[in-house]
Amino acid sequence: DDDGSGTTGVLEIAKAYAKAKKQGKGPRRSILFLLVTGEEKGLLGSEWYAENPIYPMANTITDLNIDMIGRTGEEYKGTADSANYCYLIGSDKLSSDLHKISENANAVYTKMKIDYKYNDPKDPERIYYRSDHYNFAKNGVPIVFYFNGVHEDYHKASDEVKKINFQLLTKRAQLVFYTGWDLANRDKRPAVDVKNDMPNSR
């Protein structure tokens, strides 16, 4: 799950965009599919990219970050939404437009329960600062972070592929796809219109 599920999701989304392009229906904007390393060591891969971007940060309209989307987190085990939810973090931190785009993609296509628990600035886990999207956010790029929450195999060798819920992984990846598709095809980029007073620290 950490983070083979996110990597798989990125690859499948990239495949879907490539297929659309081959059929003459590709997105209007360029999309970069980025797989970085060193997150656990201090967001090293995304930090390097932010300092050496292929496309200027000023031209980057959004970062959609996926980390762990293939399992049910401990808080959802045994609940009615255990196979139909996703934690979203950061969608409203810099852009009210992005938050609306994200909400609309779910309402129209995937219809999952979206949980904003970890989006609360007072949440002790401080997830907003702990994954690769943060190196985009601190450069003024609006972000959404997709996450299933922690479980008993988090950061353990027992986090094996046989425990992945592939239907749930697919549904979460589809939410990322549809959000990205809207962003890549709309006339205007999401406005950076939210003043973020959150401390610039991890």
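How many aromatic pairs does the structure hold? The structure, a predicted model, holds 17 aromatic pairs.

## Aromatic pairs and the cluster

Take Tyr17 and Phe33. Their ring centres are 5.8 Å apart and their planes meet at 55°, so the pair is tilted. The pair links distant parts of the chain. Tyr17 belongs to helix α1 (residues 4-22). Phe33 sits in the loop between α1 and α2 (44-51), 16 residues apart from Tyr17. Burial differs between the partners. Tyr17 has 6% relative accessibility and therefore counts as buried, the cut-off being under 20%. Phe33, at 33%, counts as partly exposed.

Tyr85 and Tyr87 form another pair. Their ring centres lie 5.7 Å apart and their planes stand at 85°, so this pair is edge-to-face. Tyr85 and Tyr87 are both buried.

Which residues form one aromatic cluster with Tyr17 and Phe33? The other members are Tyr109, Phe177, Tyr178 and Trp181.

## Charges over rings

Two charged side chains sit over tyrosine rings. The charged end of Arg172 sits over the ring of Tyr85, 4.7 Å from the ring centre. Tyr85 is thus part of an edge-to-face pair with Tyr87 and also has a charge over its ring. The charged end of Lys93 sits over the ring of Tyr128, at 5.9 Å from its centre.

## Around Asn148

Is Asn148 buried or exposed? Asn148 counts as buried because its relative accessibility is 0%. Asn148 is placed in the loop between β4 (143-147) and α5 (166-185).

The side chain of Asn148 makes a polar contact of 3.2 Å with the side chain of Asp1. The side chain of Asn148 also reaches the backbone nitrogen of Arg71, at 2.9 Å. Beyond its neighbours within four places in sequence, Asn148 is in contact with a run of residues: Asp67, Met68, Ile69, Gly70, Arg71, Thr72 and Gly73. Asp1 is in contact as well. So are Tyr85, Tyr87 and Arg172. Tyr85 and Arg172 are the ring and the charge described above.

## Nonpolar cores

The largest nonpolar core has 22 residues. Those with the most contacts inside it are Ile13, Ile66, Ile69, Leu88, Tyr146 and Leu175. Which elements give two or more residues to this core? They are α1, β2 (85-89), α3 (96-110), β4 and α5. Helix α5 gives the most, with six residues.

Leu175 shows how such a residue is surrounded. Leaving aside neighbours within four places in sequence, Leu175 is in contact with Leu88 and Tyr146. Leu175 also touches Ser102, Ala105, Asn106, Thr110, Met112 and Ile114. Another core, of 21 residues, lies apart from the largest one. Its members include Leu43, Tyr129, Tyr134 and Val141.

## Helix α2

The buried residues of α2 are Gly45, Ser46, Tyr49 and Ala50. They cover an arc of only 135° around the axis, which puts them on the same side of α2. An α-helix has 3.6 residues a turn, so residues three or four places apart point the same way.

What do the buried residues of α2 pack against? They pack against α4 (134-137). The face turned away from the buried side carries the exposed residues Trp48 and Glu51.

## Loops flanking α2

Val36 lies in the loop between α1 and α2. Val36 has a relative accessible area of 31%, so it is partly exposed. Apart from neighbours within four places in sequence, Val36 is in contact with Gly45, Ser46 and Asp132. Gly45 and Ser46 are among the buried residues of α2. Along the chain, Val36 and Pro121 are 85 residues apart, and their C-alpha atoms are separated by 26 Å.

Asn52 lies in the loop between α2 and β1 (63-66). With a relative accessible area of 36%, Asn52 is partly exposed. Where does the side chain of Asn52 reach? The side chain of Asn52 reaches the backbone oxygen of Trp48 at 2.8 Å. Trp48 is on the exposed face of α2. Asn52 and Gln167 are 115 residues apart along the chain, with C-alpha atoms separated by 36 Å.

Notes: Residues are numbered from 1 along each chain as its sequence is written. This is a predicted model: local features need pLDDT of at least 70, side-chain atom pairs count only at pLDDT 80 or more; totals for chains, interfaces and linings use all residues. Side-chain values use heavy atoms; hydrogens and water are left out. Helices (H or I, at least four residues) and strands (E, at least two) are DSSP runs, numbered from the N terminus. Buried means under 20% relative accessible area, exposed over 50%, partly exposed in between (1.4 Å probe, protein chains only). A polar contact is a pair of N or O atoms within 3.5 Å; within protein, one must be able to donate a hydrogen and the other to accept it, and residues adjacent in sequence count only if both atoms are side-chain atoms. Contact means heavy atoms within 4.5 Å. Rings of Phe, Tyr and Trp (its six-membered ring) pair if their centres lie within 6.5 Å; planes under 30 degrees apart count as stacked, over 60 as edge-to-face and the rest as tilted. A charge sits over a ring if NZ of Lys or CZ of Arg is within 6 Å of the ring centre and within 35 degrees of the ring normal. A nonpolar core is a set of buried Ala, Val, Leu, Ile, Met, Phe, Trp, Tyr and Cys residues joined through side-chain atoms within 4.5 Å. The arc is that of the directions from the helix axis to the C-beta atoms.
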